Amino acid sequence: MSTPRATYRLQFNSRFGFDDAAAVAPYLARLGISHIYASPYLKARPGSLHGYDIVDHDALNPELGDEAAFRRMVQAFADCGLRQILDFVPNHMGVGGVDNPLWLDVLEWGADSLYAGWFDIDWDPERRYLQGKVLVPFLGDQYGAVLESGQLQLKFDPTEGSFAVWAYDSHKLPICPLHYDRILGNDHPELERIGDSFAGLPDWRPQIPRRAGELKAELGAACGENEEARAAIRTALDRLNGTPGDLDSWRGLDALIQDQHWRAAHFRVAADDINYRRFFDINDLAGLRMELPDVFEHAHRLVFRLLRDGTLDGIRIDHIDGLLDPKAYLRRLREKSGVDFYLVVEKILAHHEALRDDWPVDGTTGYEFANSLTGLLIDPAGEAMFTATYASFTGRNDAFADIVRDCKIRIMHNEMASELNVLARDAGRVARQNPRTADFTRRILLRAIRAVIACFPVYRTYIDTTSQPTQADRRDLDWAVSQARRLDSELDPSVFDFLGRLLSGDLVAQPRSGFSRHSVLRCAMKAQQYSGPVMAKGLEDTAFYRYNRFIALNEVGGNPVQFGVSLAAFHRTNRLRAQNLPHAMLSTSTHDTKRGEDTRARLAVLSEAPDEWAQKVQVWSRVLRARRGDIEGTGDPDRNDEYAFFQMLLGTWPPDLFDQQQLDAETLATYRDRIKGTLVKSMREAKQHTTWASPNERYETAMLDLADLALDPARSGTFLTDFLPFAATMARLGVANTMIQTVLKLTLPGVPDVYQGSELWDLSLVDPDNRRPVDYALRSTLLHELETALSTDRVDTMRALLRTWQDGRFKLAIVATLLRLRASLPALFAEGDYEPLATSDEICAFVRRQERQALLVSVHRFPARREAQGTADARLEPPTDLAGRTWQDVLTGLTFGPELELGRLHDVLPCCVLLGED
């Protein structure tokens, strides 16, 4: 195993497969990458754009290429000196459709399936009509309406010899073989005989599924050889499949369906009655019980093989918080793999939270780093004006914490109500084990649990069966319980006392507690699995779209209340990472970020111009609303959505649409479609005026019409005339922030990750916008041209690249230069110390060193302030033992003596990366 020097994220899908990845290997190697960081490429549902809906952990995704194509890719990587890290999904699988044989077996056999325990299914729900059944909420209307319309059809598969009901010809719902005799009937002697054998399957226990397979093969063969048998099957199907529009004609099929191990239902029923754990609230992603040895071994068979044969150097674990016991899982992963490998986890940390030190990992995937870096670029002096402008323009002044709590409560009332019901039921069962708590009803406990989880300051705690709660767990749990007690004072305080002891495991901390240790700890651990998705849906996917004070801060793992990060706090986090997790991943853009790295960097400039922003947003609103006849400014869309829209435009306006006498119609049309797609997602995620489940077409149309108007030069010339000069200034200043962000990511302690394509401009929006195809041929050509130019005259080339900043080549030049520097000094970047330098507030500077090697990095933040005031007449003071060295800036090639004057250091670029020479 080699520790990654720098990774490059590739998003695999049917448009970018194994051979495509092989083709870009030479370019990525020339760029300076050491490891490909691959999105999931195990077998997913057909048409998957992301690979997270895996249906077979033991097979490659055929849409990406066959085994030969995969081996060609692996060889191409090896030929270029590239290794691999795979994004692995242990928490859930894709279900529905026809692609997951494990899930289909559960639907066919119910609790008797070999895989019934693999999925987190509640076979004993309070809803008695679901006793022994799995709710499958994939219908687009009420069950009876879908049945009557003929969109549920019983069909026979002659190759398998099996029967299934098909919903919309896309979702397969198997009929249990114990009921085949009811379909086959007695009209055909051979089918009657086979049907009778199916009816006798109970006599074959415990070999029922095996015997059923033999009978299916017999049935398939009989129909394949005998036209009369095939005709009899068609007649049997016609007898049960009714006439569309005549509900009575479907009663035979309905009776058969009622006896199956599944219940087909409208997708909206899922919120209340669904009885399997999902990934968040996504019905076709079912949770796996990865804590079970058989499930673990099955899911990791292929990935372990790839680790052991050297194909993979590392794994990124998706959604670690979804697992019942993350620590136990990670330890098992290390133990069972049989090899040493690089391991990072997707873990969203609260602003006060640290990664667990007893997890055997190299770090997180870097959400906290991305937010820290964005915060460094934001001028905290602009906060008061930004807050006042937001309140004045939108009429909103709700505290963000209140918004988050309300959003989490809404999620628990609606999308994730069923899981809350199960938690309350389980807590009630625990309470009834002891006379002192037996009077806590399910309703009271549900209300109290909802209040506690709504107040959780972190995604989850990590109580397990083997150790006491950590101090951090107790701190966060105590906070949540105390806040819930205060906010819901109508509940008897004793219920919160009980919940606090239940969720911490303290109920069974002492022997003879009167409670079952297993029941208490399992309930506590299931609550932890629930609190994380509630936080994710309430915070990231709802509150972040409601609180639009400054959308640059509304990022995964971010805290929109924290307007900027101080130099001291920034240095502190970097020192801690260097000491504790020197190989943690450093990300600035991912497939999950709400906005691309350069979108946030450009928006950060707004924090330096709060007064002008306040004026502009009022002008733009009046101009556009007046053009639509809304003189008073009271019509739709909501001014909060409008406020976010203006920020969205500023952050993502395409650089090639500046400095044009006439805006290119095709480029503008593409951009308008991207903006409108993001607006629809933003409005529906906010869940205030429209939702995914119940779209409000009138409101959405009002917002989209505003966007069409703003982006139509023929109708909104006045708006664009005022908008474009201001946007151009923000974009030009944002170039400095992009450079600073890029330099810091590639020189700070940790393993930098380059998200696909972001070596040029990444002015993307939320997915799917950030997963658009990447033009690697262009990037390869530009890199070749830059290599030649930089080798001839580095400083003049960098100056020229800044003059043509719109094409983004300056960023590619910095990325390539610093990645190659990392390759030439691997020990310095992998093991080097981190030492902050004392500077003014505008300058962030530090030294990295390892033995005699030393690197000094300095960046001048706040570009608007720098442009207005210039660089202070000051010097950088390196550590005493480095004071006599001369230095060369690897970015410009310029050489500096021992006296490091900031004016000279930042004359060409707002950043420098100096190599010290004895």
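The buried residues of helix α13 pack against β14 (314-317), α21, β17 (585-586), α22, α27 and β20. The model is a predicted one, and α13 is a convenient place to enter it. Helix α13 spans residues 367-377, and 10 of its 11 residues are buried, so the helix is mostly covered. The buried set consists of Tyr367, Phe369, Ala370, Asn371, Ser372, Leu373, Thr374, Gly375, Leu376 and Leu377. The elements packed against these residues include strands β14, β17 and β20, and they lead to the two sheets described next.

Strands β14 and β17 belong to an open sheet of eight strands with parallel pairing. The order across this sheet is β16-β15-β14-β5-β2-β1-β18-β17. Its edge strands are β16 (363-364) and β17, each of which pairs on one side only. At the β16 edge, the neighbouring strand is β15 (residues 342-345), joined to β16 by two bridges, and the two strands run parallel. Within this pair, Val345 has Thr364 of β16 as its bridge partner.

Strand β20, also packed against by α13, is part of another open sheet, this one of six strands with antiparallel pairing. The order here is β19-β20-β21-β26-β23-β24. β19 (833-836) and β24 (895-896) are the edge strands; each has a single partner strand, so one side of each lacks a neighbour in the sheet. Further in, β23 (residues 886-889) and β26 (residues 911-917) run antiparallel and are joined by four bridges. In this pairing Asp889 stands opposite Leu914 in β26.

Two of the helices in the α13 packing list also lie across the six-stranded sheet. Helix α21 (residues 567-580) lies across β19 and β20 (843-850), and runs at about 165 degrees to β19. Helix α27 (residues 717-747) lies across β20, β21 (853-860) and β26, with an angle of about 155 degrees to β21. Strand β20 is therefore covered by α21 and by α27, and is also among the elements against which the buried residues of α13 pack.

Helix α22 is another element in contact with α13. The axes of α22 (residues 597-604) and α24 (residues 639-652) come within 8 Å and cross at roughly 110 degrees. The two helices are therefore roughly perpendicular to each other. On the α22 side the contact is made by Thr599, Arg602 and Leu603, and on the α24 side by Gln647, Leu650, Gly651 and Thr652. Sorted by class, this contact has two nonpolar, four polar and one charged residues.

A separate site to look at is His298, which is placed in helix α11 (residues 293-308). His298 has a relative accessibility of 17% and so counts as buried, the cut-off being under 20%. Leaving aside residues up to four places away in sequence, His298 touches His57, Leu102 and Trp118.

Finally, the cysteines. The structure holds zero disulfides. For Cys911, the closest cysteine sulfur is that of Cys912, at 7.5 Å, which is too far for a bond, since a disulfide requires sulfur atoms within 2.5 Å. Cys911 is buried, with a relative accessible area of 0%, whereas Cys80 is partly exposed, at 28%.

Terms used
Residues are numbered from 1 along each chain as its sequence is written. This is a predicted model: local features need pLDDT of at least 70, side-chain atom pairs count only at pLDDT 80 or more; totals for chains, interfaces and linings use all residues. Side-chain values use heavy atoms; hydrogens and water are left out. Two strands pair if DSSP finds at least two bridges between them. Contact means heavy atoms within 4.5 Å. Axes are lines fitted to C-alpha atoms, for helices over the stretch in contact, and angles run from 0 to 180 degrees between N-to-C directions. Buried means under 20% relative accessible area, exposed over 50%, partly exposed in between (1.4 Å probe, protein chains only). Angles under 35 degrees count as roughly parallel, over 145 as roughly antiparallel, 65 to 115 as roughly perpendicular and the rest as oblique. Ala, Val, Leu, Ile, Met, Phe, Trp, Tyr, Cys and Pro count as nonpolar, Asp, Glu, Lys and Arg as charged, and the others, Gly among them, as polar.
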